[in-house]
Amino acid sequence: MPTFAQVMEEVMDTTKVKEAVRDRYSEAARRVTSGGASCCATPTAASCCDAITSNLYDNAQKDALPDTAVFASLGCGNPSALAQLSEGEIVLDLGSGGGIDVLLSARRVGPTGKVYGLDMTDEMLALARENQRKAGIQNVEFLKGEIEHIPLPDNSVDVIISNCVINLSGDKDRVLQEAFRVLRPSGRFAVSDVVTRGEVPAEIRQKMLLWVGCIAGALRDEEYTDKLARAGFQSIGIEPTRVYAIEDAREFLADKGVDVDALAPQVEGKFMSAFIRAVKPVTSANKTVEAACCSTTTCCS
Ligand SMILES: C[S@@+](CC[C@H](N)C(=O)[O-])C[C@H]1O[C@@H](n2cnc3c(N)ncnc32)[C@H](O)[C@@H]1O
């Protein structure tokens, strides 16, 4: 049977990418449900600890959640801590996994706010709903669907968060257009994701991204900015939160026959997790939409 990495190397089209992603995360959810950790969240899972998913949340955040929400954490940042969230806001988490960021955000927006978690993998949704039940949090709803086709109306969300998911999509333009569509004017995009910086030879890039788990491929920081701008966003910023060292990937790369020491100068400082912010502007077209909405319904609170 081919290894996960071999399958990934052969993956060419977006349907195959999506199937591979779904298989990978249903397996991760099953591991947590059967008493393990998705990867690095427990001391007993140290053998699979990696530089990407480890130590993202502080003890106060972890202590406030069911173990199975913490064990299922597969992100590369802590977007709900970095995002500005206020009481009463509506938040959407793209690719919510076991629900860790949804549950943390739900406490921040309080009972007058609401947090949606969107995920395409049934096993992750089941785990997230069970975590919500254990946490006793009401102002949360997990939705089944794809981040390329968000099942929410236009202008219905104040803040979009996401944690290491957009890099998994084979159609990132579509994801960003959908994010723009569902955000209200002045709504915020506040996402953790893996990005690359500068030139890296294609073969090396592919191997490093396999290590990071970026199945469809991470964007360069400049590409991310361009795509966000093309989707209509403004006030775009990309702030590195964790820059990966070649040492972090040594074992994985050496296993693949890569001469890690020779590779080091081409990799250092170029692969990172980052916090990506942007704002949906209030344009005159948006104002018209809001005015029409306010005059007929209660949707403008
Ligand atoms: C790397 S995990 C991150 C989970 C969660 N954000 C966290 O921090 O633990 C990726 C999650 O995104 C979901 N996912 C990946 N691609 C998706 C897509 N195109 N549409 C919806 N969900 C997707 C997977 O099912 C998985 O639960």
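**Exercise 1. Describe the overall make-up of the chain, and state what share of its residues counts as buried.**

Solution. The chain holds 13 helices and eight strands, and the model in which they appear is a predicted one. Turning to burial, 53% of the 301 residues count as buried. The accessible surface amounts to about 13,500 Å², with 51% of that area belonging to carbon and sulfur atoms. As a last step, consider the contacts with a separation of 6 or more, of which 77% join residues 24 or more positions apart.

**Exercise 2. Find which cysteines form a disulfide, and locate both of them in the chain.**

Solution. A search of the whole structure gives one disulfide. The cysteines concerned are Cys-76 and Cys-164, whose sulfur atoms lie 2.4 Å apart, and this separation satisfies the cut-off, since a disulfide is defined by sulfur atoms within 2.5 Å. Placing the two residues along the chain, one finds Cys-76 in the loop between α4 (67-71) and α5 (79-82), whereas Cys-164 sits in the loop between β4 (157-163) and α8 (172-182). The pair is 88 residues apart and thus links distant parts of the chain. The geometry of the link of Cys-76 and Cys-164 is right-handed, with 110° about the S-S bond, and both cysteines are buried.

**Exercise 3. Examine the surroundings of Asp-119, and decide which side chain of opposite charge is nearest to it.**

Solution. Begin with the position: Asp-119 belongs to strand β2, which covers residues 114-119. Asp-119 is buried, yet it has no salt bridge, and the nearest side chain of opposite charge is that of Arg-22, 7.5 Å away. A salt bridge would require a nitrogen-oxygen distance within 4 Å. The next step is to look for a polar partner, and here the backbone nitrogen of Ser-96 is found 3.3 Å from a polar atom of the Asp-119 side chain. Beyond its neighbours within four places in sequence, Asp-119 is in contact with Gly-95, Ser-96 and Gly-97, with Met-124 and Leu-125, and with Leu-143, Lys-144 and Gly-145.

**Exercise 4. Determine how many residues of helix α6 are buried, and name them.**

Solution. Helix α6 spans residues 100-109 and is mostly covered, as eight of its 10 residues are buried. Reading along the helix, the buried residues are Ile-100, Asp-101, Val-102, Leu-103, Leu-104, Ser-105, Ala-106 and Val-109. An α-helix has 3.6 residues a turn, so residues three or four places apart point the same way. To complete the description, α6 is followed by Gly-110, which has a positive phi near 70°.

Technical notes: Residues are numbered from 1 along each chain as its sequence is written. This is a predicted model: local features need pLDDT of at least 70, side-chain atom pairs count only at pLDDT 80 or more; totals for chains, interfaces and linings use all residues. Side-chain values use heavy atoms; hydrogens and water are left out. Helices (H or I, at least four residues) and strands (E, at least two) are DSSP runs, numbered from the N terminus. Buried means under 20% relative accessible area, exposed over 50%, partly exposed in between (1.4 Å probe, protein chains only). Contact means heavy atoms within 4.5 Å. Accessible areas come from the Shrake-Rupley method with a 1.4 Å probe; for residues, only the protein chains shown count as cover. Lys and Arg count as positive and Asp and Glu as negative; His and the chain ends are not counted. A polar contact is a pair of N or O atoms within 3.5 Å; within protein, one must be able to donate a hydrogen and the other to accept it, and residues adjacent in sequence count only if both atoms are side-chain atoms.
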